[in-house]
Amino acid sequence: MRFRECLVLLAVCAGSWAVPQAALGCTTDADCNDGVFCNGTESCDISTGNCVAVSACPPAVDGCVIRNAVCDEENDTCLDQGDDSLCNDGVFCNGTESCDISTGNCVAVSACPPFIDGCLVGGACDEATDQCLVTPDDSLCPAGQVCAPDGNCVTPERIVEGLIVAVKQLQTDGVLNGGQGNSLVVKLEGTLAKLSRASVGAGCNQLGAFIKQVMDFGQEGILTEAQAMFLIETASNARSALGCVDQTGTSSRAQVVPRLFGAVCESTARTPADPGLMAQRAPRGTT
Ligand SMILES: [Ca+2]
Ligand SMILES: [Ca+2]
């Protein structure tokens with residue numbers, strides 16, 4: 001009988017071992033918390049005694065933001081992530097869009113914020129080329145001067161001096177022979193001579209003759225179209241500054257003067273003629 005009792009006892013003992021997974025598992029959420037934030041928030045399923053975990057950072061789309069996109073274990077927190085690409089409307093001039101994480105909304109900042117730098121004015125936009133435009137504004141210069149693309153106001157005389165340098169360079173480069181170069185330089189020097197005597201109308205005529213000569217050289221293939229346009233438009237700028245009656249080639253001046261004045265003005269300090277003009281200048285960094 002003792003043996004039998006013993007068997008019963010064994011059965012009881014074995015029974016108690018088999019039980020309750022629950023009794024051996026968790027009983028409270030605290031039993032389950034593994035102290036790791038990003039692998040989920042653990043809790044105890046009392047009915048089974050098993051620990052279960054739910055994502056600590058369940059992602060959710062909110063406008064252009066993915067809420068809880070990233071888990072930060074160090075700070076036990078979930079981080080949102082904005083997707084600027086969801087905001088870009090592919091239109092350059094209506095601004096550069098980005099995602100505002102705080103609201104989930106797209107916001108746009110001006111693609112071409114306006115500025116004044118010397119006599120250059122920025123803020124216009126060209127959608128065709130996705131470019132901000134900077135335009136020389138002669139109205140920001142003292143009377144009788146025009147705005148060069150470096151932002152300096154220049155006198156017609158200075159422009160003509162630059163043209164002489166450019167023509168002589170074409171001679172040096174073998175584009176123009178001596179006679180051709182001289183025929184242009186004579187007209188430019190004549191312009192300066194007339195202007196020095198305050199004969200503006202005669203200076204205008206000299207510049208007009210220069211332009212006509214350049215056009216002839218262009219048509220004869222002596223000058224390339226680019227070379228001819230450069231000279232013509234630069235001379236037209238000088239005529240514009242002088243108030244000459246308009247002539248061909250006054251457009252797109254912005255693109256032409258820099259090459260000329262890059263060479264001529266490099267060693268010259270920027271000298272705004274009007275202190276008020278200086279005050280309007282924004283730092284170049286704003287471009
Ligand atoms: Ca955890
Ligand atoms: Ca846009």
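In the predicted model, helix α3 passes helix α6 in a left-handed crossing. The two helices, spanning residues 156-172 and 225-242 respectively, pack at an angle of about 165°, and their axes lie 9 Å apart. That angle makes α3 roughly antiparallel to α6. On the α3 side, the contact is formed by P156, I159, V160, L163, A166 and L170. These residues meet Q227, L231, T234, A235, N237, A238, A241 and L242 of α6. By class, the contact of α3 with α6 comprises 11 nonpolar and 3 polar residues, with no charged residue.

A second helix pair is formed by α4 (residues 178-196) and α5 (residues 200-219), whose axes come within 7 Å and cross at roughly 165°. Helix α4 is therefore roughly antiparallel to α5. The crossing of α4 and α5 is left-handed. Helix α4 contributes Q180, S183, L184, K187, L188, G190, T191, K194 and L195 to this pairing. Their counterparts in α5 are V200, A202, G203, Q206, L207, A209, F210, Q213, V214 and F217. The contact of α4 with α5 divides into 10 nonpolar, 7 polar and 2 charged residues.

These helices belong to a chain of 287 residues, of which 23% count as buried. In total, the chain contains 8 helices and 12 strands. Among contacts with a sequence separation of 6 or more, 41% involve residues 24 or more positions apart.

Two of the sheets are described here in turn. Strands β3, β4 and β5 form an open sheet of 3 strands in the order β3-β4-β5, with antiparallel pairing. The edges are occupied by β3 (60-62) and β5, each of which has a single partner strand, so one side of each is left without a neighbour in the sheet. From one strand to the next, the twist averages 40°. Strand β4 (residues 65-72) runs antiparallel to β5 and is joined to it by 5 bridges. Within this pairing, C71 of the chain stands opposite C78 in β5.

Strand β4 also holds N68. This residue has a positive phi of about 55° although it is not a glycine. N68 counts as partly exposed because it has 18 C-beta neighbours inside 10 Å, a number between the limits of 12 or fewer for exposed residues and 20 or more for buried ones.

Another open sheet of 3 strands has the order β8-β9-β10, and its pairing is antiparallel. Strands β8 (115-117) and β10 (131-136) form the edges, each pairing on one side only. The twist in this sheet averages 40° from one strand to the next. Strand β9 (residues 120-126) and β10 run antiparallel and are joined by 6 bridges. One position in this ladder is given by V121, whose bridge partner in β10 is T135.

The loop between β9 and β10 contains D130. Its backbone has a positive phi of about 55°, although D130 is not a glycine. With 11 C-beta neighbours inside 10 Å, D130 counts as exposed, the limit for that class being 12 or fewer.

D130 is also one of the contacts of F92, a residue found in the loop between β5 (77-82) and β6 (96-100). When neighbours within four places in sequence are left aside, F92 is in contact with A111, C125, E127 and D130. In addition, the C-alpha atoms of F92 and C112 lie 9.3 Å apart, although the two residues are separated by 20 residues in sequence. F92 counts as partly exposed because it has 18 C-beta neighbours inside 10 Å.

Methods:
Residues numbered from 1 in each chain as written. Chains lettered and ligands numbered in written order. Predicted model: local features only at pLDDT ≥ 70, side-chain atom pairs only at ≥ 80, totals over all residues. Axes fitted to C-alpha atoms, helices over the stretch in contact; angles between N-to-C directions. Helix = DSSP H or I, 4+ residues; strand = E, 2+ residues; numbered from the N terminus. Parallel < 35°, antiparallel > 145°, perpendicular 65-115°, else oblique. Left-handed = near helix turned anticlockwise from the far one by under 90°. Contact = placed C-beta atoms within 7 Å. Nonpolar A, V, L, I, M, F, W, Y, C, P; charged D, E, K, R; others polar. Pairing = 2+ DSSP bridges.
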